[in-house]
Amino acid sequence: MRFMTSGCIFFLLLTSISAHAQTLERGEIQGTVYDPHRGVVINAEVILTASTTGLVRTTHTHNAGEYRFPQVQAGQYRITAESAGFAATSINTELHVGNSL
């Protein structure tokens, strides 16, 4: 059980991004959502928003705090993680075809 001291706790969103050569214009975005004490956040909602089109995809973390967005078009994205009792956290990133970041 975690104690909340100021009404909400921030959590860290770590993301790894990889593009797969077998798909010419697509890649994959995956990562793990952690709390401030490096514990994984289970069932966090992760929202992927394309910066240029506004297209939104959502998923949830599983028991290891991991999430995955397969078949993502190359481009710029905002990734936001939300979970009850935590403040939402966002990062901006760019997915390049043929690159691993």
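## Pocket and open sheet

The residues that line the largest pocket divide into seven nonpolar, six polar and two charged, where Asp, Glu, Lys and Arg count as charged, Ala, Val, Leu, Ile, Met, Phe, Trp, Tyr, Cys and Pro as nonpolar, and the others, including Gly, as polar. The model is predicted, with local features needing pLDDT of at least 70 and side-chain atom pairs pLDDT 80 or more, while totals for chains, interfaces and linings use all residues. Residues are numbered from 1 along each chain as its sequence is written, and side-chain values use heavy atoms, without hydrogens and water.

The largest pocket (an open set of points on a 1 Å grid where a 1.4 Å probe fits, with protein on both sides within 12 Å along at least five of seven lines; lining residues have an atom within 4 Å of a point) has a volume of about 170 Å³. Among its 15 lining residues, A50, L55, V72, Q73 and Y77 are the closest to the centre of the pocket. The elements that give two or more residues to this lining are tabulated here.

| Element | Span |
|---|---|
| strand 4 | residues 45–50 |
| strand 5 | residues 56–60 |
| strand 6 | residues 66–73 |
| strand 7 | residues 75–82 |

Strands (DSSP runs of E, at least two residues) also build an open sheet, in which four of them follow the order 5-4-7-9 with antiparallel pairing, pairing requiring at least two DSSP bridges. Because strand 5 and strand 9 stand at the edges with a single partner strand each, one side of each has no neighbour in the sheet. Strand 4 and strand 7 run antiparallel and are joined by six bridges, and V46 stands opposite A81 in strand 7.

T89 belongs to strand 9, which covers residues 89–95, and T89 is buried (under 20% relative accessible area, 1.4 Å probe) at 17%. Although T89 and V46 are 43 residues apart along the chain, their C-alpha atoms are separated by 9.7 Å.

Notes:
Points joined across faces, edges and corners; volume = space filled by probe spheres on them. Helix = DSSP H or I, 4+ residues; strand = E, 2+ residues; numbered from the N terminus. Buried < 20%, exposed > 50% of the residue type's maximum accessible area, 1.4 Å probe, protein only.
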